[in-house]
Amino acid sequence: MAEDKKKASVFAGAVMTAEGMSFKGFIFSPVVENCAGCERVAAFEEQSFCPAYADPATKWTRGICNFATHVKATVDKEGKTKVNPLKASKRAARGR
Ligand code: SF4
C-alpha cells in the first residue's frame with residue numbers, strides 16, 4: 001500500500017501528451033520488455049514509465065541498462081559485457 005503511494009507520486013504533476021508523458025520538461029516513453037522486473041518501473045495512466053530514464057528503449061540498445069535493479073552486468077576478460085540474470089537474481093536474494 002505504502003509502495004503504491006510512493007510509485008503514484010513519482011510522476012506527480014505529469015501530463016499525457018501526443019508524444020508521450022510530459023514530466024519536468026522531458027517527454028517519457030513507456031518501458032520496454034527488458035525493463036520487466038525492474039523496481040524503478042512506475043505506472044502513470046495505465047502505462048509504465050521509468051523515472052530514471054526517459055527513453056528506456058534507447059537505454060537498452062547499447063547493452064544492459066546501468067540503472068536496472070533486476071539484472072547485473074559483468075565484464076569478461078575480453079572486455080565484453082555479460083549478464084547472467086539468474087545469477088544476479090540469486091545474488092540479490094542472498095543480499096549480495
Ligand atoms: S532503470 Fe533501466 S531497466 Fe529499469 S525501468 Fe528504467 S530503463 Fe528500464
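Which helix is the place of Arg-94? Arg-94 sits in helix 3, which spans residues 85–94. The model is predicted. Let us start from this residue and then walk through the rest of the chain.

Arg-94 has a relative accessible area of 55%. The cut-off for exposed is over 50%, so Arg-94 counts as exposed. Arg-94 also belongs to a positive surface patch. The other members of that patch are Lys-72, Lys-87, Lys-90 and Arg-91.

Now the overall layout. The protein chain holds three helices and seven strands. Read from the N terminus, the order of elements is α-β-β-β-β-β-α-β-β-α. The chain has 96 residues, and 22% of them count as buried.

Go back to the N-terminal part. Helix 1 covers residues 2–10, and strand 1 covers 15–16. Phe-11 lies in the loop between them. Is Phe-11 buried or exposed? Its relative accessible area is 2%. Buried means under 20%, so Phe-11 is buried. Phe-11 also has a partner far along the sequence to look at: Ala-43, 32 residues apart along the chain. The C-alpha atoms of Phe-11 and Ala-43 are separated by 8.5 Å.

The next loop joins strand 1 and strand 2, and Gly-20 is found there. Gly-20 has a relative accessible area of 13% and is therefore buried. Pro-30 is 10 residues from Gly-20 in sequence. In space, the two are 7.9 Å apart, C-alpha to C-alpha.

One loop further on, the picture changes. Strand 2 runs over 21–23 and strand 3 over 26–28, with Lys-24 in the loop between them. Lys-24 reaches 69% relative accessibility, so this residue counts as exposed. Measure back along the chain to Ala-12, and the separation in sequence is 12 residues. The C-alpha atoms of Lys-24 and Ala-12 are 9.8 Å apart.

Next comes a loop with unusual backbone angles. Most residues other than glycine have a negative phi. Which loop holds Glu-45? Glu-45 is in the loop between strand 4, residues 42–44, and strand 5, residues 47–49. Glu-45 is not a glycine, yet its phi is positive, at about 50°. Glu-46 is found in the loop between strand 4 and strand 5 as well. Glu-46 likewise has a positive phi, near 65°, in a residue other than glycine. How accessible are these two glutamates? Glu-45 is at 53% relative accessibility and so counts as exposed. Glu-46 is at 85%, so Glu-46 counts as exposed too.

Finally, the cysteines. Cys-38 has 14% relative accessibility, and therefore counts as buried. Cys-65 has 10%, so Cys-65 is buried as well. How many disulfides does a search of the whole structure find? The search finds zero. A disulfide is a covalent bond between the sulfur atoms of two cysteines. The cut-off used here is a pair of cysteine sulfur atoms within 2.5 Å. No pair in the structure is counted as a disulfide.

Definitions and conventions
Residues numbered from 1 in each chain as written. Predicted model: local features only at pLDDT ≥ 70, side-chain atom pairs only at ≥ 80, totals over all residues. Heavy atoms only, no water. Buried < 20%, exposed > 50% of the residue type's maximum accessible area, 1.4 Å probe, protein only. Helix = DSSP H or I, 4+ residues; strand = E, 2+ residues; numbered from the N terminus. Patch = residues over 30% accessible without salt bridge, like charges linked within 9 Å, V, L, I, M, F, W, Y side chains within 5 Å. Areas by Shrake-Rupley, 256 points an atom, 1.4 Å probe, with all protein chains shown as cover. Salt bridge = Lys/Arg side-chain N within 4 Å of Asp/Glu carboxyl O. Lys, Arg positive; Asp, Glu negative; His and termini not counted. Charge placed at Lys NZ, Arg CZ, Asp CG, Glu CD.
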